[in-house]
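User: I would like to go through this model with you and ask, for each label, what justifies it.

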Amino acid sequence: MGKVTGFKEFERKDESYKPVKDRVKHYNEFTVPLKDKDIIEQGSRCMDCGIPFCHSGCPLGNLIPDFNHMVHQGEWQKASWILHSTNNFPEFTGRLCPAPCEKACVLGIIEDPVSIENIEKSIVERAFKEGWIKPQPPKVRTEKTIAIVGSGPAGLAAAQQLNRAGHTVTVFERDDAIGGLLRYGIPNFKMEKGIIDRRLAILKAEGIVFKTNVNVGVNYDVEELKKFDAVVLCGGATERRSLPTPGIDADGVVQAMDFLTQQTKVVFGQKIKDQVLATGKNVIVIGGGDTGSDCIGTSNRQGAKSVVNFEIMPKPPGHRSPTTPWPYWPLQLKTSTSHKEGVERNWLINTKEFVTNAKGKLTALKTVNVEWEMIPGERPKLIEVPGTEKTWKCDLALLALGFTGPESTLAEKLGIKRDARSNYKAEYGKYQTNIPNIFTAGDMRRGQSLIVWAISEGREAARQVDIYLMGKSDLATKNEEGDLVGL
């Protein structure tokens, strides 16, 4: 695919970024797109590698060599069709996916891998610009009604697939706008919300009904939900992890998602009473993942006095670890654009106490350095290093510790079984709960995961719902063996 000698002739090129001093003054995206000529050259780097391991790296089964080849040939519209045949929302994944496909790229064994994610983003942006992405309402409607609970990527993917199969689909969202964590949990500087609204307009024109401020099981009776022919629960894994640490309830210890959501709402003109701000404060972000990175970027934009990051795990190596060889997802240090905007990063450090003043306000954190003892056959054991206790000035501590699983409300009210990790239990490969007409997908079923997995699960669940209702399905998805079917 691509140009036979392209990987020898062209080096990898990625989007560049606007200078730090400029971008921290606003909450807009700050990437500088490549020129079409450069993108075409990047598509030309795709090798005729025989077995495209990028397919195994991508949970969606994107036809990566195929759309790379179309870009190489300048056939942008064909590239868009190929990309959308497996991915409902490449404008989301092209911005937010960590690109496991690139980590499995064959070229990555000897050179920098093909810039698949950037090519994907360039294709979809070109498609929107040229007007190629248009509503595709079904020509024939079935008499089946389907409720989707949750409007994140899993819910939206399931909704679009089922609507295109001719079913009447209603999406319920408990927040005041559609998008789930894409809307308020992802900072605007990583994805401007007009990107969601642009796609949302397409989905509405295709006939999908959206209802916001509807919290099923709270202000919407689950008995009403049962009137639908099928239900797909895509509520995500929103139970936030905390710490069993003295002082955790101090004024100034805040869950990361509350902090991020408030700022995004303010960007769009909403007034937040007692908004949590990092302005002029010594901020410590506990947790080294993407959410922690988002907190760092937001804190710097709010004008924090200092930003420090704690991670309890060891510092990953700068290059792929031998323990995670190609084509597996690598254990490797990740430095995000937010990290480059200013932060002191610390690994193997554990918070022992949140220190407060007489009024209960956070003033400091006490920590200790740790090591992990690895004993064969046993769980790793956390060992404190004597003499490494330290006190850090801190006015705002942001807990970016991930999520423990989905909320229990719907499971309890609908009688849905949960697995050992508290996720909503569904039959493997069928996404069907113990209640035959109720299905579940995304983080609610598999636990906290990637956006690309959410879209994949939404698509696959939609196919199973279609089969349940109609006895067969022409919807495209991956089967249990990972092969594409229905294209």
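**Domains, a salt bridge and a pocket**

Analyst: The C-alpha centres of domain 2 and domain 3 lie 31 Å apart, in a model that is predicted. The domain assignment places domain 2 at 145-238 + 403-485 and domain 3 at 242-399, with domain 1 at 5-130.

User: How do you know that domain 2 and domain 3 are in contact?

Analyst: Contact requires heavy atoms within 4.5 Å, and 13 residues of domain 2 meet that condition with 13 residues of domain 3. Between them the two domains bury about 1100 Å², of which 62% is on carbon and sulfur atoms.

User: Why is the pairing of Asp175 and Lys265 called a salt bridge?

Analyst: The N to O distance between the side chains of Asp175 and Lys265 is 3.7 Å, and the cut-off for a Lys nitrogen and an Asp carboxyl oxygen is 4 Å, so the pair qualifies as a salt bridge. Between domain 2 and domain 3 the count is two salt bridges.

User: What makes seven residues in the lining of the second largest pocket count as charged?

Analyst: Asp, Glu, Lys and Arg are the residues classed as charged, so the seven are of these types; the lining also has twelve polar and nine nonpolar residues. Of the 28 lining residues, His84, Ser85, Gln136, Gln161 and Arg164 lie nearest the centre of the pocket, and Arg164 belongs to the charged class because Arg is on that list.

User: Which domains each give at least three residues to this lining?

Analyst: Domain 1 and domain 2 each do so, and helix 6 (76-84) gives the most, with four residues.

Methods: Residues are numbered from 1 along each chain as its sequence is written. This is a predicted model: local features need pLDDT of at least 70, side-chain atom pairs count only at pLDDT 80 or more; totals for chains, interfaces and linings use all residues. Side-chain values use heavy atoms; hydrogens and water are left out. On a 1 Å grid over the protein atoms alone, a cavity is a set of points where a 1.4 Å probe fits but cannot get out, and a pocket is an open set with protein on both sides within 12 Å along at least five of seven lines; lining residues have an atom within 4 Å of a point. Helices (H or I, at least four residues) and strands (E, at least two) are DSSP runs, numbered from the N terminus. Domain bounds come from an automatic or database domain assignment. Buried area is the accessible area (1.4 Å probe) that two parts lose on being put together, summed over both.
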